[in-house]
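Reader: I've got a fold open on my screen and I'd like to learn how to read it feature by feature. Could you walk me through it?

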Amino acid sequence: ENGYETGEHAPGLKLGGCGAYKAAHHIIKTHAKVWHSYNSTWRREQQGMVGISLTSGWGEPVDPHSQTDREAAERYIQFHLGWFANPIYRGDYPEVMKNYVGKKSAQQGLGTSRLPTFSVQEKTYIKGTSDFLGIGHFTTRYVLHKNFPFLQVSGYHTDRDLAELVDPNWPVPGPKWLYSVPWGFRRLLNFIKTQYGNPLIYVTENGVSETLQCPQLCDEWRIQYLKGYINEILKALNDGVNVKGYTAWSLLDKFEWNKGFSERFGLYHIDFKNKNKPRYPKASVDYYKKIISANGFPNPREVNC
């Protein structure tokens with residue numbers, strides 16, 4: 001959507017209300033071809049796995065007692081995660097996506113939906129092409145229904161008929177889009193368990209950035225973020241979710257899309273102004289090392305001898 005509709009990210013194309021859907025359509029079909037290629041050629045010898053990594057926030061209804069808010073929150077997840085996961089695990093785009101994009105396309109006077117369709121053969125070919133699901137997750141939104149007026153040029157955001165809200169009490173340790181809401185992660189993982197038959201999950205991205213450099217490398221807020229989110233994964237494991245591994249995002253400060261080097265997700269600070277790019281551990285490094293060493297939360301009363 002950022003690359004093919006708004007043009008904010010590479011390749012910077014602004015293809016109206018259909019570019020993002022077309023790009024995603026090709027990604028899904030290409031992923032399936034890679035999976036089948038490995039499955040038929042190398043799996044027997046290598047015994048490896050091929051999966052896909054999808055990034056999704058969690059959408060919570062503003063009023064859990066409101067059916068329209070609950071349906072809007074469902075659309076939020078289906079237009080994020082379900083857009084890619086549903087074809088791979090269930091054989092086709094989510095019904096709510098097909099219905100909403102089809103309805104908006106008809107209102108525009110288009111003969112066909114802006115959301116492409118899979119043939120019967122493609123659905124069969126794509127379904128089941130993931131040995132594990134990689135999940136990137138960073139934040140949560142409250143969601144409610146919002147009618148967008150008829151637009152001659154609709155797009156991904158207006159197709160969903162919803163509005164996103166945040167709680168002003170949620171911590172905002174880094175950029176304005178990334179609020180720390182750990183409980184949303186457990187709900188997302190349980191949604192995956194229920195929706196896609198409890199697949200094997202690897203958390204491939206989870207972390208928080210800072211926009212202001214802290215000269216003392218004192219990222220206590222990152223420690224709290226990691227602690228909260230990893231604890232919710234532990235709760236999801238106790239719920240029976242099949243989470244196999246976790247990767248913090250990220251080891252090093254790095255080039256972050258259109259934000260360049262200004263948005264820092266790393267456990268290690270990089271001095272980009274120095275030609276040798278020296279690395280300095282932030283406070284979160286020591287905390288994360290202890291979690292890795294204990295394969296869980298260390299006992300605060302444990303004494304190192």
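**Reading the fold, one feature at a time**

Author: Let's begin with one residue and its surroundings. Setting aside neighbours within four places in sequence, F185 is in contact with I135, H137, V203, N206, Y229 and I233. Keep in mind that this is a predicted model.

Reader: Which residues have the most contacts inside the largest nonpolar core?

Author: They are Y21, L81, W83, I135, F185, L189 and I192, in a core of 53 residues. Several elements supply at least two residues each, among them helix 1 (19–41), strand 1 (52–55), helix 4 (95–107), strand 3 (133–136), helix 7 (183–195) and strand 6 (201–205). Helix 3 gives the most, with eleven residues. There is also a second, separate core of nine residues, including A248, L267, Y288 and I291.

Reader: Now a polar side chain. Is Q78 buried or exposed?

Author: Q78 has a relative accessible area of 4%, and the cut-off for buried is under 20%, so Q78 counts as buried. This residue lies in helix 3. Its side chain has a polar contact of 2.9 Å with that of E74. Beyond four places in sequence, Q78 touches W83, N86, P94, V96, M97, F191, Q195 and Y196.

Reader: On to sheets. What's the general idea?

Author: Strands of a sheet pair through backbone hydrogen bonds, and the pairing is either parallel or antiparallel. Here you can find an open sheet of four strands in the order 1-3-6-7, with parallel pairing.

Reader: Why is one side of strand 1 and of strand 7 left without a neighbour in the sheet?

Author: Strand 1 and strand 7 (243–246) stand at the edges with a single partner strand each, so each has one side with no neighbour in the sheet. From one strand to the next, the twist averages 30°. Strands 6 and 7 run parallel and are joined by three bridges. V203 has Y246 of strand 7 as its bridge partner. Helix 8 packs on this sheet, touching strand 6 and strand 7, and its direction makes about 165° with that of strand 7.

Reader: And the faces of a strand, how do I read those?

Author: In a regular strand the side chains alternate between the two faces of the sheet. Take strand 2 (residues 58–61), which has both faces covered: W58 and E60 are buried on one side, and G59 and P61 are buried on the other. Strand 2 runs parallel to strand 4 (residues 140–145), and four bridges join them. P61 has V143 of strand 4 as its bridge partner.

Reader: How do I describe two helices that pack together?

Author: Two packed helices are described by the angle between their axes and the distance between the axes. For helix 8 and helix 9 (residues 283–294), the angle is about 25° and the axes are 9 Å apart. That makes the two helices, 8 and 9, roughly parallel. Helix 8 makes the contact through R222, I223, K227 and I230, while helix 9 uses A283, S284, Y287, Y288 and I291.

Reader: I always check backbone torsions. What should I be looking for?

Author: Most residues other than glycine have a negative phi, and most peptide bonds are trans. So look at the exceptions. The peptide bond from A10 to P11 is cis, with omega near 5°, and P11 sits in the segment before helix 1. The bond from W249 to S250 is cis as well, with omega near 5°; S250 is in the loop between strand 7 and strand 8 (268–270).

Reader: Where does D161 lie, and what is its phi?

Author: D161 is in the loop between helix 6 (156–159) and strand 5 (162–165). Its phi is near 50°, a positive value in a residue other than glycine. D161 is buried, at 4% relative accessibility. N198 has a positive phi too, of about 50°, and belongs to the loop between helix 7 and strand 6. N198 is partly exposed, with a relative accessible area of 25%.

Reader: One last residue: which contacts does D239 make?

Author: Neighbours within four places aside, D239 is in contact with R186, N190 and K193. The side chains of D239 and R186 are joined by a polar contact of 2.8 Å. D239 is placed in the loop between helix 8 and strand 7, and is partly exposed at a relative accessible area of 26%.

Notes. Residues numbered from 1 in each chain as written. Predicted model: local features only at pLDDT ≥ 70, side-chain atom pairs only at ≥ 80, totals over all residues. Heavy atoms only, no water. Core = buried A, V, L, I, M, F, W, Y, C linked by side-chain atoms within 4.5 Å. Buried < 20%, exposed > 50% of the residue type's maximum accessible area, 1.4 Å probe, protein only. Contact = heavy atoms within 4.5 Å. Polar contact = N/O pair within 3.5 Å; in protein donor to acceptor, adjacent residues only side chain to side chain. Pairing = 2+ DSSP bridges. Axes fitted to C-alpha atoms, helices over the stretch in contact; angles between N-to-C directions. Parallel < 35°, antiparallel > 145°, perpendicular 65-115°, else oblique.
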